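Please open the structure in your viewer and keep the sequence panel visible. The tour below proceeds from the whole chain to one part of it and its neighbours.

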Amino acid sequence: MVDPYKFQSARDLFEAARDARVEERRTMRTIGEMRAREGLRARACGAGGGRQQSDSMRATDRRIDYERACRRRVEEDQALVGFAERVLFGDGGDGGLASLMRGAPYADVLHCYYCEAMTWQETAQALGMSRRWCQGAASTAFETIDHGGLWRALVGVGRADR
């Protein structure tokens, strides 16, 4: 469970979510690379077995140990990103910042840049906006969240009239 009280501001929450997404992707990429090396070693071993087979098993054991060691951190990273997404879109996509600000463009900016760890240029291209607009929208979104608090944003309290 994410403790929202440990964040001084909305920006702190979303920067932590961005860091968590980057770390999660790095860990998953490392695990994927380890699996790929296992496959290469297993094919190189063929039916011969022997030393090459034990090297392949050692690689598998190292990957399993690494996955086990990283599992809790990856789950925490995913929970943090999930919490940030709920602040943006509420539970089930009907709340959060998107409701507070009459639509999703501001929430989408934060989602792309922070929750998906895109660059500002990638965010701008994905949303069809300028980089400057996206950066300004992020600042406005943070001010809106901070004004009412994370919990109010999470549940969409103070929703804009539709």
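What area does the chain expose, and what percentage of it do carbon and sulfur atoms supply? The exposed area is about 9500 Å², and carbon and sulfur atoms supply 49% of it; accessible areas come from the Shrake-Rupley method with a 1.4 Å probe, and for residues only the protein chains shown count as cover.

The model is predicted: local features need pLDDT of at least 70, side-chain atom pairs count only at pLDDT 80 or more, and totals for chains, interfaces and linings use all residues. Residues are numbered from 1 along each chain as its sequence is written, and side-chain values use heavy atoms, with hydrogens and water left out.

**Whole chain.** Display the chain as a cartoon. It contains 7 helices and 0 strands, where helices (H or I, at least four residues) and strands (E, at least two) are DSSP runs numbered from the N terminus. Of its 162 residues, 40% count as buried (under 20% relative accessible area, with a 1.4 Å probe and protein chains only). Among contacts (heavy atoms within 4.5 Å) with a separation of 6 or more, 67% are between residues 24 or more positions apart.

**Helix H4.** Select residues 105–115, which form H4. Because 8 of its 11 residues are buried, H4 is largely enclosed by the rest of the structure. Val 109, Leu 110 and Tyr 114 are among these buried residues. Just after H4, select Ala 117, which takes a positive phi of about 55°.

**H4 with H5.** Add residues 120–127, helix H5. The axes (lines fitted to C-alpha atoms, for helices over the stretch in contact, with angles from 0 to 180 degrees between N-to-C directions) come within 9 Å and cross at roughly 140°. H4 is therefore oblique to H5; angles under 35 degrees count as roughly parallel, over 145 as roughly antiparallel, 65 to 115 as roughly perpendicular and the rest as oblique. Show the side chains of Asp 108, Val 109, Cys 112, Tyr 113 and Tyr 114 in H4, which meet Trp 120, Thr 123 and Leu 127 in H5.

**H4 with H6.** Finally, select residues 131–148, helix H6. H4 and H6 pack at an angle of about 105°, with their axes 9 Å apart, and are therefore roughly perpendicular to each other. On the H4 side, the contact is made by Pro 105, Tyr 106, Val 109, Leu 110 and Tyr 114. The H6 residues in the contact include Trp 133, Phe 142 and Ile 145.

Technical notes
Buried means under 20% relative accessible area, exposed over 50%, partly exposed in between (1.4 Å probe, protein chains only).
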